[in-house]
Amino acid sequence: MPRWSDLSDNEMTLLDHVFWSTHISRDALANGAGFSKSRANAVVAGMLDQGLLEATGAQQSTGGRRAETLRLSRSLGVLLGVALGATGLEVGVLAPDLELLAHHSEPADVRDGPALLMARVRTLMRELLAKCKRRPGDVMGIGIGVPGPVDFESGQLVNAPLMPEWDAYSIRDDLRADYAAPVFVDNDVNVMALGELWRMQRGLQNFLVVKVGTGIGCGIVCHGRVYRGANGSAGDVGHICVDPAGPRCHCGNLGCVETMAAGPAIARAATEAARGGQSALLAQMLAERDVLKLQDVAQASRAGDVVANAIVQRSGALIGQMLASVVNFHNPSHVFIGGGIQRIGPLFLAAVRQSVYHRSLALSTRHLEIQYTPLGERAGIIGAGVLAMQETLARRVAA
Ligand SMILES: [Zn+2]
């Protein structure tokens, strides 16, 4: 593993560029970093020798000539990524170019508290590293996404409504016993936004990622960076009111979009419809499974169940209503929707689009695209890898 402090500024600049544009050609790298070709070639040669970069698979260029591309060297070490959701956790070992070398996901209840969940995370980290034949000393950085607002400097959760026990808990101290590598913690949807930013090689500068699962949150990318706000709670859109006469939310207010349109609300509406005899398919699913979840409603909707479709469309319309205000305020080029809701498919997306386009100002929606997150279920774990690598490199630059 390199001592980052031994690297020159030029080497750090190129390392950062190669990380954000993996499999980049030497010419594109020189261009992107603002180096002359000869200067870039000289620095790259040294970095290849030191094992910081490696040349990979010759790529067929437009002229038919084979051009090599560059990526961060596998000999640098590995990254650990953790995506902690309200109802599940995923741990992954990633190469420096973010190839997922090993990963594991399983259901988990964040309300079980940090001691239990972090013990499980540490066990999985150990097992997955062993599977990749890597040691704790090979870990360069650790990135963790958690389902609540995070004070990014301290890496601690702040007033997380879904996980009160985590408030005073230091995930960093917990992992320090096993790893010397730096640990970075951020809100789960910020981490997803970072993953998408990396996937697009920073090609989009202003976009939103909205996660709809147990709760609703929004990651904000502004001028090519994740915007966290003054206290780390930027994008906490779940408690925006969409119906002043709506039901009471766990936050105490009435008609929050989260309490009316997120996963639990969808499951609740489906359960009521099943019990009320409105849908034979939902009733059959409820009888088989005892409880209906978001994925069951998704399955019923894809099967064409009219009642499930109406529930999905109502949720999409309410989330679109909230998003219309956010879109007018931020003027993003893209909104990417992720989380468990993605399993529902095009019907939900169509309802969100219709509601946003209907309510937003024409200028904010003229070029607006609303899609599911292209990284899909991988957005959290890839984003955690991006967080780990980006912040590890940034620490050296700041040092
Ligand atoms: Zn609320």
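1. Some vocabulary to start: a residue counts as buried if 20 or more other C-beta atoms lie within 10 Å of its own, as exposed if 12 or fewer do, and as partly exposed in between, with C-beta atoms placed from the backbone. By that count His223 is exposed, with 7 other C-beta atoms within 10 Å. His223 sits in the loop between S12 and S13, and its phi is near 50°, a positive value in a residue other than glycine. Most residues other than glycine have a negative phi.

2. Before going further, a word on what you are looking at. This is a predicted model, in which local features need pLDDT of at least 70 and side-chain atom pairs count only at pLDDT 80 or more, while totals for chains, interfaces and linings use all residues. Residues are numbered from 1 along each chain as its sequence is written. Helices (H or I, at least four residues) and strands (E, at least two) are DSSP runs, numbered from the N terminus.

3. His23 deserves a look alongside His223. His23 is not a glycine either, yet has a positive phi of about 60°. The loop that holds His23 runs between helix H1 (9-20) and strand S1 (24-25). Here the count is 14 other C-beta atoms within 10 Å, so His23 is partly exposed.

4. On the overall layout, the domain assignment splits the chain into domain 1 (4-74), domain 2 (76-197 + 378-398) and domain 3 (203-377). Those bounds come from an automatic or database domain assignment. Between the C-alpha centres of domain 1 and domain 3 there are 41 Å.

5. Now for one of the sheets. Five strands make up an open sheet in the order S6-S5-S4-S7-S10, and the pairing is mixed. S6 and strand S10 (183-187) are the edge strands, each with a single partner strand, so one side of each has no neighbour in the sheet. From one strand to the next the twist averages 15°. Two strands are said to pair if DSSP finds at least two bridges between them.

6. Which strand of that sheet is largely enclosed by the rest of the structure? The one to look at is S5 (residues 88-94): six of its seven residues are buried, so the rest of the structure largely encloses S5. On one side, S5 pairs with strand S4 (residues 78-84) in the antiparallel sense over six bridges, and Leu84 has Leu89 in S5 as its bridge partner. S4 and S5 form a hairpin with three residues between them.

7. S5 also pairs with strand S6 (residues 100-107), in the antiparallel sense over seven bridges. Glu90 has Ser105 in S6 as its bridge partner. This hairpin of S5 and S6 has five residues in between, and Leu98 in the turn has a positive phi of about 70°.

8. The parallel part is easy to find: S4 and strand S7 (residues 139-146) pair in the parallel sense over six bridges. Val82 stands opposite Ile144 in S7.

9. Helices lie on this sheet too. Helix H4 (residues 114-131) lies across S4, S5 and S6 and runs at about 30° to S5. H6 lies across S4, S7 and S10, at about 105° to S10. Contact here means that the C-beta atoms of two residues, placed from the backbone, lie within 7 Å. Axes are lines fitted to C-alpha atoms, for helices over the stretch in contact, and angles run from 0 to 180 degrees between N-to-C directions.

10. There is another open sheet of five strands, in the order S13-S12-S11-S14-S15 and again with mixed pairing. Strand S13 (225-226) and strand S15 (369-372) take the edges, each with a single partner strand, so one side of each lacks a neighbour in the sheet. Helix H6 (residues 188-199) packs on this sheet, touching S11, S12, S13 and strand S14 (334-338), and its direction makes about 40° with that of S12. Strand S11 (residues 207-212) and strand S12 (residues 216-222) are antiparallel partners over six bridges, with Leu208 opposite Ile220 in S12. Helix H12 (residues 346-359) lies across S14 and S15, running at about 160° to S15.

11. Last, a helix pair. Helix H8 (residues 263-275) and helix H11 (residues 306-330) pack at an angle of about 150°, their axes 10 Å apart. Ala265, Ile266, Ala269, Ala270 and Ala273 in H8 meet Val307, Ala308, Ile311 and Ser315 in H11.
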